[in-house]
Amino acid sequence: MIHRLPAGLALTLAAAPALAQSETLTVYAPDYFASEWGPGPAIEAAFEAECGCDLEYQTGDLMPRLLLEGARTEADVAIGLDSTEMARARETGLFAPHGAPTGELTLPIAWEDEVFLPFNWSYLAFVYDNEALGEVPASFAELVAAPDDLRIAIQDPRSSVSGLSLALWADEVFGDEAEEKWAALAPKIVTVTPGWSESYGLFTEGEVDMVLSYTTSPAYHRIAEEDDTVSAAIFEEGHYMTIELAAMLEGTDNPDLARRFMEFVVSDTFQEIIPTSNWSYPSAMPAAEWPEGFRDLPLPEQAIWLPEAEASEARDPAIAAWQQGLSR
Amino acid sequence: MLRLEGLEIRQDDFALSADWSLDDGAICAVMGPSGGGKSTLLSVIAGFLAPTRGRVVWDGRDLTGLPPAVRPISILFQDNNLFPHLTVERNLGLGLDPRLRLDANQKARIAEVLARVGLAGLGDRKPGALSGGQQSRAALARVLLMDRPLVLLDEPFAALGPGLRAEMLDLAREVLAGPGRTLLMVSHAPEDAARIADRIVLVGEGRAAPPGEAQALLADPPPALRAYLGL
Amino acid sequence: MAAGPVAVIRVARWPGGLAAGLVLALTLGTLAAVLWRAGFALRLGPADLSAIRFTIWQALLSAALSVGFAVPVARALARRRFAGRGALVTLLGAPFILPVVVAVMGLLGVFGRGGVLNDALGLVGLGPVSIYGWHGVVLAHVFFNLPLATRLILQGWQAIPAERFRLAASLGAPTGRLLEWPMLRAVAPGAFAVIFLICLTSFAVALILGGGPRATTVELAIYQAVRFEFDLGRAATLAAVQFGLCAAAAVAVRAAGGAPEAMGGGLDRVVERHEGGGWSRAADAAWIALAALFLLAPLAMVVARGLPGLVELPDGLWAAAGRSVAVALGATALTLVLALALVLRGGVAAQLSSLLPLAASSLVMGTGLFVVLYPFVAPRDVALVVTALVNAAMALPFAARVLAPAVAQAEAAHGRLADSLGLHGWARLRWLILPRIRRPLGFAAGLTAALSMGDLGVIALFAGDGQATLPLLMVRLMGAYRMEQAAGAALVLLALSLALFWVFDRGGRVDAAA
């Protein structure tokens, strides 16, 4: 079957064998991704239009699911892995090199991994209501030193990637003093929720002054709600990066289609969908091309991110420091 | 013929023995002090209690191990003789078929029996919509319908006033007694026994005495009955 | 053959055996499956011991407070007659069947920083109170379980015959020491134990209100082990510990004289009292008002916060609501069948297996089912069925406790008549048991449906595309910044849960013969 296609795409297609209409690409994705309000549906439609195939999401917790299913998994592609899980994911041996060009990636850090391909990223940040909060801490240290009536909600590092990233962030910024800093922060931490959405709900309900979220969170309020009152505090020490990844499965019975999806991930079509549906930065799009509302968000001076080996090494001590500091 | 062969019932510190038979067609009152074991005796005959020793025999057939429903026996209790959630017709119907799949013929028989006890046309009422006397009539109607040769009455009319109770006893005798049907009824009141019974079994002091001639016993009570009657 | 009731085979025993087998498979079987998958590597994490300690401690405190407050409330409800009393008793039961996610929203609306209580305290110049931390967990647990405790104790009060109150009054004897104290000593330990068990395994509350690592419960640790760390060995070990804790609690209950039997309806009767005016009347009124405020204000907040979201309900909402109702109805049917089979079978084994799910972790149950089913079926094909199955198991202990006394009562009153008529098996069920237990059956069905409606459960582990239930949809909305729509969905969820309960409970009462 020969399609009339733009030159660029025709080139990629030429390498792939003709794909039958009935072919199905099974994509495992986290719940939020494939939901009606996530990027999933638009991505599905765009990819299906391009490949003439059927893309099907299966939602749930990615790593538990893949580990339970092992090599027999039906998944062709997994999308939505967090970079803090990379070492564990690689250890499973379930994933195969994606073959997509990493040269187009526009992350603040260099990325050349052959297996895990970033599709969006953001910086962890404490988000606040800029009309309500008077003194906004300008650094992590200032946050720790802020008066105890500042009310903060964070996430549990034992049950969420944002919480874990925060623990790694504090570990990176404070080093050996992390536990002490957590103890100093403890009176301000109103509650620790298992995931991001419970914390964020407390913030929008006015229960807390600051919530652990992302520098891109204000974009949602600006664009979707035309509300400029939400800001992210930018810290001098730099911000930990959250990077979400896609990877194709070694055992896929549709390697060509899976590879094609991986290439699609860094395509303009895919990348353009990300900002206003995932509310994060696209992984392969220069900042100048970001939508308005993203472009003018303040960016941290410095990106903090631990490569997988360092992250797995730092993980347990960072969680222990968090736990002990908050339990004092 | 009902025969109790070397029957012994023991429960904790309670004991009762009986060894006698009762002729077909008899109307026999079971009398004696409270706690003496009148109801227990009926329960064993009906099959709700197993005897410790001995046998319950009907026409030469050993009933001892049989479940209540397959014994040639109908029983009316002190209360709860009708299911309150079912209509009178269905309550009677259960006596014909536990699955209540009644054909026209069976329904006609139910109507006929209801008419016989004076409840014509009341088949579609629930027991709650009937008076106490009517409920007793309905229960009697089911016994009639089941047509078993031995009928046990465990004071089913005790809650009725004296007039109504007499009426029910008369009705019971009228519709139930007769050739081929034996009635065994627990009774507290000597006048009830005098009214319809031709035999009396005295229960007391751990023993159910063999049935004696009712008129004779009442006319010249032995010491145990005399004590019970307060004479 | 010894004297005693003849063993009449009234209802076949195999359905009860089958039900017990299914419950065992769902509880201990799934735990074994997870253990097997983890290579039988039992282990606990470093913080798990303190999680176990906290779990026991908060459950003890929650149960003590629930029962402690329930005593004056139940006493007030038992001896006062006022307009709307019946409606109030019914409405006070609402928190027990409330979806946890929704309830926490309501509690925050009242006790949170921006809540009504702190607004009021601010007006009179008092500092804000905080709902977060261990006291938040306990507060929420009391909110959920005070209605249950009140119900159990109210039943104790109403079981005291009116004649005894009359006798006590005629003798001028103190009713408290003579009648009420012995009743409380008989009823309160059982109520305490049931609520202790419920609080031992509840975790959704601690998820949001816990405040930090100090308020980690065992069930929360299981959640972390399964969903984030994927440490199945630790999850299974924690689940086994949880079974152990519950078993120990159950043994303690038996030693304390057994749990109260009834949970069903029939609380309309007012206990006749011949004492108390003036002060005691005012105190009773205060207790009733306080309890009503404590239990109903959060519900009102859910409504208030949800109303704006109703304007813009998301597209998939009604489809998700439909799936939730379908799951709830499936779970209800299954629970009633299981509960009836177990109750009719009777005996210690059946009784124990009907209680077993109380100690189970639904996450471990779900993971175990995944392990067992995955080789044979695609998980997404059975997502809703599995969710219904797990929900049915989780509601079973409550349904069985509601039905058991009613079945016993029907047998006690009419069993001999049924025996004499030869009503066995299906005929006995059809013509004696079912008609006699209609009201508790309706109540149990309503309870199960509402509990299943609000459960997020294992659907998150199994769901495929387009299989979201209403609670899952709420979570997705929250995950996509749409907090207002989530509040709207919460209101719909609340309304549907209460409506399902009402329909079933009502269905059991309408035309129920005396």
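Buried area is the accessible area, taken with a 1.4 Å probe, that two parts lose on being put together, summed over both. Keep that in mind for this tour, which goes through a predicted model.

Begin by colouring the chains separately, and look at how they meet: two pairs of chains touch, and the pair with the most contacts is A and C. Chains A and B, by contrast, do not touch, and their nearest C-alpha atoms lie 50 Å apart.

Next, select chains B and C together, where 29 residues of chain B are in contact with 24 residues of chain C. These two chains bury about 2400 Å² between them, with 67% of that area on carbon and sulfur atoms. Now show the side chains of B:Phe48, B:Phe83 and B:His85, which lose the most area to chain C within chain B and together account for 24% of what that side buries.

Which kinds of contact cross this interface of chain B and chain C? There are six residue pairs in polar contact, both residues being at pLDDT 80 or more, while the count of salt bridges is zero. On chain B, highlight β1 (2-11), β4 (49-50) and α4 (132-146), each of which supplies at least two residues to the side that touches chain C. Sorted by class, that side of chain B has 16 nonpolar, eight polar and five charged residues.

Finally, stay within chain C and select helix α2 (residues 48-79) and helix α12 (residues 278-310), which pack at an angle of about 115° with their axes 9 Å apart. Residues making this contact include C:Phe69 and C:Leu77 of α2(C), and C:Trp287 and C:Ile288 of α12(C).

Key:
Residues numbered from 1 in each chain as written. Chains lettered and ligands numbered in written order. Predicted model: local features only at pLDDT ≥ 70, side-chain atom pairs only at ≥ 80, totals over all residues. Heavy atoms only, no water. Contact = heavy atoms within 4.5 Å. Axes fitted to C-alpha atoms, helices over the stretch in contact; angles between N-to-C directions. Helix = DSSP H or I, 4+ residues; strand = E, 2+ residues; numbered from the N terminus. Salt bridge = Lys/Arg side-chain N within 4 Å of Asp/Glu carboxyl O. Polar contact = N/O pair within 3.5 Å; in protein donor to acceptor, adjacent residues only side chain to side chain. Nonpolar A, V, L, I, M, F, W, Y, C, P; charged D, E, K, R; others polar.
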